[in-house]
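Work through the exercises below with the sequence and the structure at hand. Each task is followed by its solution.

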Amino acid sequence: MMNRVINKIKQIISGVSNEELSVQANVKEGMKVGKNVYGLVNCTIDHGHCWLIEIGDEVMFAPQVYLLAHDTSTKRSTGYVRVGKIKIGKNCFIGARVMILPGVEIGENSIVGAASVVTKSFPENSVIAGNPAQYICSVEEYEARVKEKFQNTPHFSEDYELGRITPERKQEMLNEIEKFGFVK
């Protein structure tokens with residue numbers, strides 16, 4: 001109870017959110033986080049084993065990613081909790097609601113699709129997705145597909161983002177998009 005009060009006072013004084021305090025607490029306990037990591041404050045991090053987690057530079061996390069460095073299901077049969085390192089290489093994108101389990105290494109420059117459950121390691125430049133996550137294609141192949149789709153679908157400027165978009169632009173976007181479009 002007292003720790004919650006102290007944390008709330010620190011938060012008010014410093015202007016730091018609970019999520020940022022959580023990331024700072026995990027780093028203090030040994031989690032390694034590279035430079036220019038975006039979105040980690042919106043993730044659930046295995047605080048009890050956070051020192052087993054390493055995140056490279058330039059990694060982007062979409063909301064509600066779960067980094068789980070332990071597996072308590074082994075306790076019943078062995079009396080021990082299984083733990084494993086999680087390593088995310090630099091320049092990766094981790095989609096919304098991805099769960100990364102113990103013992104997983106995601107190679108540099110990889111993309112993990114939303115809602116994937118990553119149970120094994122993947123090499124650099126991999127696009128992976130699914131439950132369990134599987135290799136889909138290389139990042140180079142993925143980017144070629146995206147560029148092709150980009151050429152054949154509507155594009156919208158920053159004026160079409162939430163906070164800037166007008167009712168008329170919303171309707172225009174609805175009218176122009178058949179399946180997909182791109183916003184800056």
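**Exercise 1.** State how many helices and strands the chain of this predicted model has, and what share of its residues counts as buried.

Solution. Start with the secondary structure: there are 5 helices and 17 strands. Next take burial: 32% of the 184 residues count as buried. Then turn to the accessible surface, which comes to about 12200 Å² for the chain, with 53% supplied by carbon and sulfur atoms. Finally, look at contacts with a separation of 6 or more: residues 24 or more positions apart account for 25% of these.

**Exercise 2.** Give the strand order of the open sheet of 4 strands, and find its edge strands.

Solution. The order reads β2-β5-β10-β13, and the pairing is parallel. An edge strand pairs on one side only, and this holds for β2 and for β13 (117-118). Now take the pair β5 and β10: residues 66-67 run parallel to residues 99-100, over 2 bridges. Within this pair, Y66 has M99 of β10 opposite.

**Exercise 3.** Locate Y38 in the chain, decide whether Y38 is buried or exposed, and name the surface patch to which Y38 belongs.

Solution. First, position: Y38 lies in the loop that links β1 (32-33) to β2 (44-45). Second, exposure: the relative accessible area of Y38 is 55%, and exposed means over 50%, so Y38 is exposed. Third, the patch: Y38 joins M60 and F93 in a nonpolar surface patch, and together the three have about 310 Å² of accessible area.

Definitions and conventions: Residues are numbered from 1 along each chain as its sequence is written. This is a predicted model: local features need pLDDT of at least 70, side-chain atom pairs count only at pLDDT 80 or more; totals for chains, interfaces and linings use all residues. Side-chain values use heavy atoms; hydrogens and water are left out. Patches are made of residues with over 30% relative accessible area and no salt bridge: like charges are joined within 9 Å, nonpolar side chains (Val, Leu, Ile, Met, Phe, Trp, Tyr) within 5 Å. Accessible areas come from the Shrake-Rupley method with a 1.4 Å probe; for residues, only the protein chains shown count as cover. A salt bridge is a side-chain nitrogen of Lys or Arg within 4 Å of a carboxyl oxygen of Asp or Glu. Buried means under 20% relative accessible area, exposed over 50%, partly exposed in between (1.4 Å probe, protein chains only). Contact means heavy atoms within 4.5 Å. Two strands pair if DSSP finds at least two bridges between them.
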